[in-house]
Amino acid sequence: MFDLQHKTLGEFIIANQDSFQYTSGELSRLLNGLRLAAKVVNHEVNKAGLVDILGGAGDTNIQGENQQKLDVLANEKFIQTLKNREIVCGIASEEEDDFIAINSKDENHQNKYVVLIDPLDGSSNIDVNVSVGTIFSIYRRITPVGTPVTMEDFLQPGKNQIAAGYIIYGTSTMLVYTTGDGVNGFTLNPALGTFYLSHPNMEFPETGKIYSVNEGNYIHFPQGVKDYIKYCQKEEGDRPYTSRYIGSLVSDFHRNMIKGGIYMYPKSSMAHNGKLRLLYECNPMAFLAEQANGKASDGFQRIMDIQPSELHERVPFFCGSKKMVEKAEEFMAKY
Ligand code: AHM
Ligand code: MG
């Protein structure tokens, strides 16, 4: 029977905690906290069509976008779960203007980790029953334990991440994560409420045949991107490629990792740094991509080398099968 043969996420976390280079019990508790919140949010997402939790909550987030109620709810659930368990010293969320400092009860602030989270990404897809996701990223704090966290603890380059992952609320719900030792995917058995290891050692194929980009913005893209898109469409060798764009980063990334492909959110004449957020979206996906033999770039340089200067900073994003990202960079370099 599937469920009995396969390792559960809880078992996997325990089994692998010794191989983790940093003190591990705390990270395990943190991953367990995220796993729990994921199940709660999954429950809410799955009943989205049934209850009156659809539509804008009336608030706009810091980026000036209308927040869906489920965004707010997912944000609350993740923050509550992490706060209550006192497993992190700070949280930054795409839905919050500022980071949240957490003071543990013993007043010693002994927790070493900060979490950055996009609680529900792709939320414009919720009310049309298309997959959405949660993205998380974990760093060790820079400032000493025993003191309150500061902005410095959050503004770290992606290469400092010690873990990152996503939860995809799709045809099935999966939790996919890395602690820097490859990428593993776990599928939720909704009847039991248990995640099982279903996709061990996930890897992007070296190259692929899918390109994912919002082509409606074509006219506003830099010439390098336009040329690369034309290259993807050209009849030559294994081309033309297939165009697939869900508009939900986690889902587009997940498909491309399994099938081989490239996801792009370039800058445009409308949005000078693209749309995606370096800290909540690009860095965690870049860490996963690199751990899965893929690549992530802003078109010119490695995403995880960028030194962030603000929490909600945006950056152009090219991510996926290594050869495809390199090809896109080649076109970008011409201009
Ligand atoms: P969000 O954080 O407001 O949900 O925006 C991020 C999403 C990504 O999941 C997706 O890839 C992209 O925005 C789609 O944007 P667009 O509709 O401009 O193509
Ligand atoms: Mg988002």
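I started at lysine 275: an N or O atom in its side chain sits 2.8 Å from an oxygen atom of ligand 1. I then looked at how much of the ligand is covered: it exposes 470 Å² when taken alone, and the protein buries 84% of that. Note to self: this is a predicted model.

Next I checked which elements give two or more residues to the shell around ligand 1, and got β5 (113-121) and β13 (261-265).

More polar partners turned up. Asparagine 214 has a polar side-chain atom 2.8 Å from an oxygen atom of ligand 1. For glutamate 94, an N or O atom of the side chain is 3.0 Å from a ligand oxygen.

Then I pulled up the whole shell. Ligand 1 has 17 residues around it, and Asp121, Tyr245, Leu249, Tyr263 and Tyr265 are the closest. Sorted by class, I get seven charged, five polar and five nonpolar residues. Which domains feed the shell with at least three residues each? Domain 1 (9-199) and domain 2 (210-333) both do.

Last, I traced the sheet that holds β13. Five strands make up this open sheet, ordered β12-β11-β13-β15-β14, with mixed pairing. I found β12 (242-243) and β14 (294-297) at the edges; each has a single partner strand, so one side of each has no neighbour in the sheet. At the β12 end, β11 (residues 210-212) pairs with β12 in the parallel sense, over two bridges. I looked up who faces whom there: tyrosine 211 is opposite serine 243 of β12.

Terms used. Residues are numbered from 1 along each chain as its sequence is written. Chains are lettered from A and ligands numbered from 1 in the order in which they are written. This is a predicted model: local features need pLDDT of at least 70, side-chain atom pairs count only at pLDDT 80 or more; totals for chains, interfaces and linings use all residues. Side-chain values use heavy atoms; hydrogens and water are left out. A residue is near a molecule or strand if one of its heavy atoms lies within 4 Å of it. A polar contact is a pair of N or O atoms within 3.5 Å; within protein, one must be able to donate a hydrogen and the other to accept it, and residues adjacent in sequence count only if both atoms are side-chain atoms. Accessible areas come from the Shrake-Rupley method with a 1.4 Å probe; for residues, only the protein chains shown count as cover. Helices (H or I, at least four residues) and strands (E, at least two) are DSSP runs, numbered from the N terminus. Ala, Val, Leu, Ile, Met, Phe, Trp, Tyr, Cys and Pro count as nonpolar, Asp, Glu, Lys and Arg as charged, and the others, Gly among them, as polar. Domain bounds come from an automatic or database domain assignment. Two strands pair if DSSP finds at least two bridges between them.
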